[in-house]
Amino acid sequence: MDVLLNDDETLIVDSAREFLTGECPVKLVRAMEADALGYSKELWAKVAELGWQGMCMPEKVGGSNMPLVYLGLVLREAGRALAPLPLHCTAVASLAIARDGSEAQQEKYLPDVVAGKSVMTWAFTESDPRFIPEAVQMSAKAQGDNFVLDGVKLFVDNFPGADHCVVVARTTAGSKGAQGLTLFIVDAKSQGLSQVPLITLAKDKQSEVTFKGVIVPKANVIGSVGEAWPIVERMLDRGTALLCAQMVGAARKDIEMAIEYAKFRTAFGQPIGSFQSVQHTCADMQIWVDGGEMLTFEALWKIDQGLPASVEVSQAKAFCNEKCEAAVRNSQSIHGGIGFMMEFDLQLWFRRVSAWTMRMGTSFEHRARIAHALIDIPGEVTLGRPLPTA
Amino acid sequence: MDFAYTAEQEALRREVRQFIKDNVTPEVADETNPETASERPRGTGPAAAALYKRIYERGWLGITYPKAYGGQGGDRLTQYIVEEEFTRAGINITLGGSGAPAIMAAGTEEQKQFYIPRLIKREVSFCLGFTEPHAGADLANLRCSAVRDGDDYVINGQKMYTSAAHMSTHIYLMARTDRNAAKHDGISIFLFPMDTPGITVRPLWTIQNNPTAPAGTTYGNSRTNETFFDDVRIHKSCLLGEENKGWRVGSMGLNLDRVGAARYLISVRRDEDIVNWVKRNKFDGFAPGQNPAIRDKIAEMWIEAQVCRLMTMRSMSIVERGGKFTYEGSAEKVWAPEHGVRISEAITQMLGPYGSLLRTSPHAIEDGVFAHNVMGSFQSGINHGSVQVMRDQVARRGLELPSSRRPKKVEAK
């Protein structure tokens, strides 16, 4: 038990921060908001040289097979810098292939990911925004050596820049819930795919993607046909925890800006940071972001250990959703009017943290998952010990 | 990062649990319960004394203290694990507050040799004499005086909320030794026996009295005290640390007293209790555990309790690495007590009027612990540094925000 960073972890954080401080100025963040692709290809190539895309990839595809915690630390730094990179969505999709895909799939898709030559994304959500199997309606019908996918996916991250998209669809017509779901690797340039950009609070690239008779070879099924739910659940848990890491990184930077501002902005003849109402607000913001960060890294660490981590992931996301949002909102409040101005940088962090709180599961959904584990599974619960399992 | 206990630590936990199962008899529980044991020194009933002797023999008292002083020279996490299990069983194995850490930090060799082994064996116990009627959060405003007279000091004054005064052998007292010095500079710390002539202890009854609270209630103590000192003469060797340097000594002890298993558990026990209660119970056809709003609130509180746990682990990690807190201990002392209040109040709205029933009442739930906790939980946000003072410390020490200027005195018209 030692919840602080060890030497290796500190090195990862320091080098990532140093790199992004030099290579990812706010100017680039702003420019990419207006860019059609939404990310910098140059920066993507540079982080591939640092090995970020391959961090948790197997060694046989050129990756460095590091723990997810390390990638979490990198995403925390990427969040801190608001790095305009399709890092999170690529990680979610490529990790699904690395952990649950076949040898052939790994060899086919992952070396390009590691080399920074491929961007990946994933598509789960349709019209029902919940992260439950019932929300998946997209149909995938078997046809010879292929499946044919029809339906509409929403909130697909970085689709315009993606080479491949990992897609959840229903292969058993009329099936409900977790039964009959299958996970596919889809070439994002396939015939029958079209996308409409959504205009988001974060001004990031999210799309409505329509599948009209999209043909996907059977060889592109991850795992077994009709049995994808456990794979998908693991993919979503990893993605949610990694998103939390990104969120706490951005929220930390955001509150640091407010704390610095409070030290030099004067009112009534003294720095506003000397007023207790401001001090206590800052203290709470620090406590909230610390809490979110510890919950997040405990979740990632448990995933690394192969321990049950769904409850930990949900703890992190529900807490980060509410507390990171409250922290960045308070930063706005401490800044007063200037924080509301487009030309002032604080808003870049505020809008992203806000948007991320709404992605990959609301507080209500995650708390419902926790409540189920706490209340519906028989057996005494004890804080700090594993929960009873069904 | 490492969020797990080692196999060795897990084995220790099992060992402690088994020991508790075998040794904590109803007689022990009765004798160690501060309610039933309120009129005699803590843990001196025959059954409890025998239990503490066995715990001592197992090497589970004073784990983090050096072997030279009767401790085990063990690490903080071992202490945490053992303390967590005993606290859950209602047995206090801590050395009772800030006295021992302060002696280790500032005591003479003689003081360490005398007090630490005796504190570990529970032959000596301290009550805390810090707060006064005019000095609470602003502790340095204290007036209780210690005046040097030859080889002695003569103490006069009053201390408030000396909770264990009626069952402690000694007092750990903060007094003013220089009236002309700046507020924080004229303060000293003294350790002396409670049977010294001139000490009067008067009970103050808390809102947990009549009926008294069930074991495990957050601040369930029915009694605290006010203590008066009338020309109490003590030898100069009772001084801890240097004369007039007592402020720093006192704060060192307090900082270390704010972390640990006992501190953590007083804020989170009800989270566990309510989950286990709704799993097993309902009111006729109404199962609170199946109500979506209640489930949402229970999960929200559970997450907050995890943050309490992680903050405690962070403090452990910092201490284990030999580091010092800048703000982490204070942050924990904001988050955990306020969480304790939130869960207590949330439970009242899950149980409705049943949540108001105290121990011994017909229909009381879980011996009335939830109702008693409403009265006790906020108390942990007040003592040993209020949450407001703790937020000041997070802001100023942790975030380096500037001190507020003292307001100018308003001239009387």
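This passage walks through selected helices, strands and contacts of chains A and B in a predicted model.

A good place to begin is helix H3 of chain A, which spans residues 41-50. Three of its residues, A:Leu43, A:Trp44 and A:Val47, are buried. Viewed down the axis of H3(A), these buried residues fall within an arc of 105°, so they line one face of the helix. Their packing partner is helix H1 (7-23) of chain A. On the face of H3(A) turned away from the buried side, the exposed residues are A:Lys41, A:Glu42, A:Ala45 and A:Glu49. Just after the helix comes A:Gly51, whose phi is positive, at about 90°.

Attention then turns to strand E5 of chain A (residues 181-187), where 6 of the 7 residues are buried, so the strand is largely enclosed by the rest of the structure. E5(A) pairs with strand E4 (residues 164-170) of chain A through 7 bridges, and the two run antiparallel. Within this pairing, A:Cys165 has A:Val186 of E5(A) as its bridge partner. E5(A) also pairs with strand E8 (residues 221-222) of chain A, again in the antiparallel sense, over 2 bridges. Here A:Leu183 is found opposite A:Ile222 of E8(A).

Helix packing in chain A can be illustrated by H5 (residues 87-100) and H7, whose axes come within 9 Å and cross at roughly 145°. The crossing of H5(A) past H7(A) is right-handed. From H5(A), the residues that meet H7(A) are A:His88, A:Ala91, A:Val92, A:Leu95, A:Ala96, A:Arg99 and A:Asp100. H7(A) answers with A:Ile231, A:Arg234, A:Met235, A:Arg238, A:Gly239, A:Leu242, A:Leu243 and A:Gln246. Sorted by class, this contact holds 8 nonpolar, 3 polar and 4 charged residues.

The contact between the chains takes 46 residues from chain A and 46 residues from chain B. On the side of chain A that touches chain B, the elements giving two or more residues are helix H7 (229-264), strand E10 (270-271), helix H8 (276-304), helix H9 (310-335) and helix H11 (363-376). Of these, H8(A) gives the most, with 15 residues. The chain A side divides into 26 nonpolar, 12 polar and 8 charged residues.

A closer look at chain B may start with B:Phe3, located in the segment before helix H1 (7-23) of that chain. B:Phe3 has 21 C-beta neighbours inside 10 Å and therefore counts as buried. Leaving aside residues up to four places away in sequence, B:Phe3 touches A:Met1, A:Val3, A:Glu298, A:Trp301 and A:Lys302. B:Leu139, by contrast, is 136 residues from B:Phe3 in sequence and 37 Å from it in space, C-alpha to C-alpha.

Strand E1 of chain B (residues 126-129) rounds off the tour. In a regular strand, side chains alternate between the two faces of the sheet. In E1(B), B:Phe126 and B:Leu128 point one way, while B:Cys127 and B:Gly129 point the other way, and all are buried. E1(B) is joined by 4 bridges to strand E4 (residues 170-176) of chain B, and these strands run parallel. Opposite B:Phe126 in this pair stands B:His170 of E4(B).

Note on methods:
Residues are numbered from 1 along each chain as its sequence is written. Chains are lettered from A and ligands numbered from 1 in the order in which they are written. This is a predicted model: local features need pLDDT of at least 70, side-chain atom pairs count only at pLDDT 80 or more; totals for chains, interfaces and linings use all residues. A residue is buried if 20 or more other C-beta atoms lie within 10 Å of its own, exposed if 12 or fewer, and partly exposed in between; C-beta atoms are placed from the backbone. The arc is that of the directions from the helix axis to the C-beta atoms. Two residues are in contact if their C-beta atoms, placed from the backbone, lie within 7 Å. Two strands pair if DSSP finds at least two bridges between them. Ala, Val, Leu, Ile, Met, Phe, Trp, Tyr, Cys and Pro count as nonpolar, Asp, Glu, Lys and Arg as charged, and the others, Gly among them, as polar. Axes are lines fitted to C-alpha atoms, for helices over the stretch in contact, and angles run from 0 to 180 degrees between N-to-C directions. A crossing is left-handed if the near helix is turned anticlockwise from the far one by less than a right angle, and right-handed if clockwise.
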